[in-house]
Amino acid sequence: QIGNEIPDDIAWVLRVDGHTDNVPVSGNGRFADNWELSQSRALSVVKYFISQGIPATRLVAAGFGEFQPLEEGDSEEARGKNRRIELKLTER
């Protein structure tokens with residue numbers, strides 16, 4: 001719905017940023033590393049948005065791995081905050 005409120009002359013995209021905590025994945029499962037995990041998180045949200053009618057041309061999936069933490073440290077609370085998706089509405 002917000003896309004309908006943005007003026008037509010603004011070239012906007014919704015960037016979906018995937019993040020992980022600082023615990024490396026084993027590499028033996030579905031993901032080789034936290035880069036792949038964070039990218040997959042973002043991509044799954046982008047695909048959901050497409051299924052809900054958001055044009056694919058307005059979406060970007062980005063994976064940041066563990067390299068953009070909200071909270072430093074090794075506590076479960078810190079790790080929980082760092083496993084996340086962020087949405088950023090921006091111009092192309």
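Leaving aside neighbours within four places in sequence, Ile6 is in contact with Trp12 and Leu89, where contact means heavy atoms within 4.5 Å. Before we follow that lead, a word on the model: it is predicted, so local features need pLDDT of at least 70 and side-chain atom pairs count only at pLDDT 80 or more, while totals for chains, interfaces and linings use all residues. Residues are numbered from 1 along each chain as its sequence is written, and side-chain values use heavy atoms, with hydrogens and water left out.

Let us step back to the whole chain. The protein chain has 3 helices and 3 strands, and along the sequence they follow the pattern α-β-α-β-α-β. Helices here are DSSP runs of H or I with at least four residues, strands are runs of E with at least two, and both are numbered from the N terminus. The C-alpha atoms fill a box of roughly 45 × 25 × 20 Å along the principal axes. Of the 92 residues, 28% are buried; buried means under 20% relative accessible area, exposed means over 50%, and partly exposed lies in between, with a 1.4 Å probe and protein chains only. Among contacts in the protein chain with a separation of 6 or more, 68% are between residues 24 or more positions apart.

Now to the strands. β1 (12-19) is mostly covered, with 7 of its 8 residues buried. On one side of the pairing, β1 and β3 run antiparallel and are joined by 8 bridges, with Val16 standing opposite Leu87 in β3. β1 also pairs with β2, this time in parallel and through 5 bridges, and here Arg15 stands opposite Val60. Two strands count as paired if DSSP finds at least two bridges between them. In a regular strand the side chains alternate between the two faces of the sheet.

Ile6 and Trp12 meet again in the largest nonpolar core, whose 8 residues are Ile6, Trp12, Leu14, Val16, Ala42, Val46, Phe49 and Leu59. Such a core is a set of buried Ala, Val, Leu, Ile, Met, Phe, Trp, Tyr and Cys residues joined through side-chain atoms within 4.5 Å. The elements that give two or more residues to this core are β1 and α2 (34-51).

That brings us to α2 itself. Its 18 residues should span 26 Å at 1.5 Å a residue, and its end C-alpha atoms are indeed 26 Å apart; the expected span is 1.5 Å times one less than the number of residues. The buried residues of α2 are Asn34, Leu37, Ser38, Ala42, Val46 and Phe49. An α-helix has 3.6 residues a turn, so residues three or four places apart point the same way. What covers the buried residues of α2 includes β1, β2 (59-63) and β3 (84-91). At the N-terminal end, Asp33 caps the helix, with a side-chain oxygen 3.1 Å from the backbone nitrogen of Trp35. After the helix comes Gly53, whose phi is positive, near 100 degrees.

Ser38 is worth a closer look within α2. Its relative accessibility is 0%, so Ser38 counts as buried. Beyond its neighbours within four places in sequence, Ser38 is in contact with Gly18, His19, Thr20, Ala62, Gly63, Phe64 and Gly65. The Ser38 side chain also reaches the backbone nitrogen of Gly65 at 2.8 Å.

Further along α2, Tyr48 and Phe49 form a tilted aromatic pair, 6.1 Å centre to centre with 50 degrees between the planes. Rings of Phe, Tyr and Trp (its six-membered ring) pair if their centres lie within 6.5 Å; planes under 30 degrees apart count as stacked, over 60 as edge-to-face and the rest as tilted. The count by this rule is 2 aromatic pairs. Tyr48 is partly exposed at 48% relative accessible area, whereas Phe49 is buried at 16% relative accessibility.

Our last stop is Arg79 in helix α3 (residues 76-82). With a relative accessible area of 18%, Arg79 is buried. Arg79 and Asn22 are 57 residues apart in sequence, yet 6.9 Å apart in space, C-alpha to C-alpha. Their side chains are joined by a polar contact of 2.9 Å. A polar contact is a pair of N or O atoms within 3.5 Å; within protein, one must be able to donate a hydrogen and the other to accept it, and residues adjacent in sequence count only if both atoms are side-chain atoms. The Arg79 side chain also reaches the backbone oxygen of Asp74 at 3.2 Å. Leaving aside neighbours within four places in sequence, the contacts of Arg79 are Asp21, Asn22, Val23 and Asp74.
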